[in-house]
Amino acid sequence: MYIEKVNSPDDIRGFRMEQLKDLASEIREGLMNRLSKKGGHFGPNFGFVEATIALHYVFHSPVDKMVFDVSHQSYTHKMLTGRKDAYLYDDHFEDVSGYTNPEESEHDLFNVGHTSTSVSLACGLAKARDLRGGKENIIAVIGDGSLSGGEALEGINFASELESNFIILVNDNDMSIAQNHGGLYKNLKELRESNGTCECNLFKAMGLDYRYVADGNKIEALIEAFEHVKDIDHPVVVHVNTVKGKGYKPAETEKENWHWCMPFDAQTGKSKVVTSGEDYESKTCEYLLKKMKADEKVVTVVAAVPTCIGFTEDKRKEAGKQFVDVGIAEEHAVAMVSGIAKNGGKPVFATHSSFFQRTYDQISQDLCVNNSPATLLVNTASVYGMNDVTHLGIYDIPMMSNIPNLVYLAPTNCEEYFAMLDWSIEQNQYPVAVRIPCNGVIHTDKPVDTDYSNLNKYQMTQQGTEIAVIALGDFYQIGEKLTELIFEKTGTTATLINPRFITGMDEEMLERLKENHSKVITLEDGILNGGFGEKITRFYSSSDMKVYNYGLKKAFIDRYSVEDVLEQNHLKPELILKDI
């Protein structure tokens, strides 16, 4: 095998064309080995094999610097830069992450897992090179889906200002995670259909030179194009048309389903992961579909991740015009739902917690300053959510709960979640965010409130003395187990409180606790700094109440075990009891 002999990009530069093509086949075999057993981003990587080989054949990494946008297409790059064992051999799977990572290799410039950033990062590399008189090539790789992100367009708009070597490689496979949405994709279609010659050209309009490669999976054509722009003295876009999922028929035909995959049978394409029981994604989708059919003013908005709330292609068609995918444009989505709400609509915008980080200004300025009654659904906001360092969902509580006017709710079970969601859609007084539970679909047979307009009123679910446990959202079940353990070990019935509201304190209830409690324990599924528990501590700061805050340390954690993180942060009932 050729790939076994490749330890750095230098090793492929003497390959003949037929050897490069054989190498591409071997790389796909390596990708299949890892992805079928471990899962990961399938379609983008299978479609970008030849382009990556051509890049490393022509350019000289790490002297020439490559930045991969969102890293969805970086697996072949990893295989060619000394990390092939992580794809060829099962016992090396854990050697690498799913994203570019400077800790793994000098060929990776940045740890990148969020989209639309590569052009801006590469602009910075180019500017620094020019300031110090360097001569290396700077290449930003970006997919067509990522072009809808505002930062990508900001970066492309600035790129012509460099007036020096700068290469933007646009990998156009006519897909984002799901279908692309937006006017610029009409222009990309025109460029593809005209072989790059149509009069209207987004990139030329931005002041950039332009070159088109019709077959982005043909190594010869790619090498020719890259050699043409190598050492160029001005910014240029190389627009290549690739096939997402190239080389594996199921992925070529079902592009959305194969963007990312769980472990599967390589022969049949069927998933090896058997899911059973309920999930919040499909339940949320069914609820919203029913809501939209009953009320034409209800509209569901997503930003390129429709299945984060279960909207598969068939469900999107069923929803029709009451479902909107804005593409990778979360900032636009938040401002847009503020406008929908202001003009009489009932909008719901859903995305992942780490993607909401891009929208802080819009939540503050466009939504909350204007007090627009829109609903934000925050998914994977939990230690139980995604566990790679670029997609951590544990920072939302300090970020969102301190924005005035926002009502941020943390349900503790399925019935409470849908009651909060229904109230949020129907009320017209506040912008509301709801944390979608992440610790499984937990039901209750106890009645839940349907009206949350009396803000910041906590729910005391068990009344006791001496010790009060205030357990927020997903950590409410830890609170239940803790109070049971306290009674078992000490005979004391502890008070258990479901605060429900992340954005405010029930000062009346907290004041009453002073009468017959000496200790308060707070539990929150997020980092402690600036979070929920610290507000409770501040309230009791001038009293004799002893307050213990339990949550997560402020840190970037990567590919972690949930159980390990809970243990390290003493988020186990037996450890908490020992502490107090």
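**Close-up views of a predicted model**

The protein has 23 helices and 18 strands, helices (H or I, at least four residues) and strands (E, at least two) being DSSP runs numbered from the N terminus. This is a predicted model, in which local features need pLDDT of at least 70 and side-chain atom pairs count only at pLDDT 80 or more, whereas totals for chains, interfaces and linings use all residues. Residues are numbered from 1 along each chain as its sequence is written, and side-chain values use heavy atoms, with hydrogens and water left out.

**View A. The whole protein, with its dimensions and burial.** The C-alpha trace spans about 80 × 55 × 55 Å along its principal axes. The radius of gyration, taken over C-alpha atoms, is 26 Å, which agrees with the value near 25 Å for a compact globule of 580 residues, the globule rule being 2.2 Å times the number of residues to the power 0.38. Buried residues make up 59% of the 580 residues, where buried means under 20% relative accessible area, exposed over 50% and partly exposed in between (1.4 Å probe, protein chains only).

**View B. The salt bridge between Glu220 and Lys21.** The structure holds 36 salt bridges, each defined as a side-chain nitrogen of Lys or Arg within 4 Å of a carboxyl oxygen of Asp or Glu. In this view Glu220 pairs with Lys21, and their closest N and O atoms are 3.1 Å apart. Because Glu220 lies in helix α10 (residues 219-229) and Lys21 in helix α1 (residues 17-38), the pair ties together parts that are 199 residues apart in sequence. Glu220 counts as partly exposed at 29% relative accessibility, and Lys21 counts as partly exposed at 32%.

**View C. The salt bridge between Glu136 and Lys65.** The closest N and O atoms of Glu136 and Lys65 are 3.5 Å apart. Glu136 lies in the loop between α6 (118-132) and β3 (138-143) and Lys65 in strand β2 (residues 65-68), so the pair ties together parts that are 71 residues apart in sequence. Glu136 counts as buried at 8% relative accessibility, and Lys65 counts as buried at 18%.

**View D. The salt bridge between Asp506 and Lys457.** Here the closest N and O atoms of Asp506 and Lys457 are 3.9 Å apart. The pair links distant parts of the chain, with Asp506 in the loop between β16 (495-498) and α20 (507-513) and Lys457 in the loop between β13 (432-435) and β14 (459-462), 49 residues apart. Asp506 counts as buried at 4% relative accessibility, whereas Lys457, at 28%, counts as partly exposed.

**View E. An open sheet and two of its helices.** Six strands form this open sheet with parallel pairing, in the order β9-β8-β10-β11-β13-β12; two strands pair if DSSP finds at least two bridges between them. The edge strands, β9 (323-325) and β12 (407-409), each pair on one side only. Strand β11 (residues 375-379) pairs with β13 in the parallel sense over four bridges, and Leu377 stands opposite Val434 in β13. Helix α12 (residues 280-294) packs on the sheet and touches β8 (298-302), β10 (346-352) and β11, its direction making about 145 degrees with that of β8; contact means heavy atoms within 4.5 Å. Helix α14 (residues 330-342) lies across β8, β9 and β10 and runs at about 165 degrees to β10. Axes are lines fitted to C-alpha atoms, for helices over the stretch in contact, and angles run from 0 to 180 degrees between N-to-C directions.
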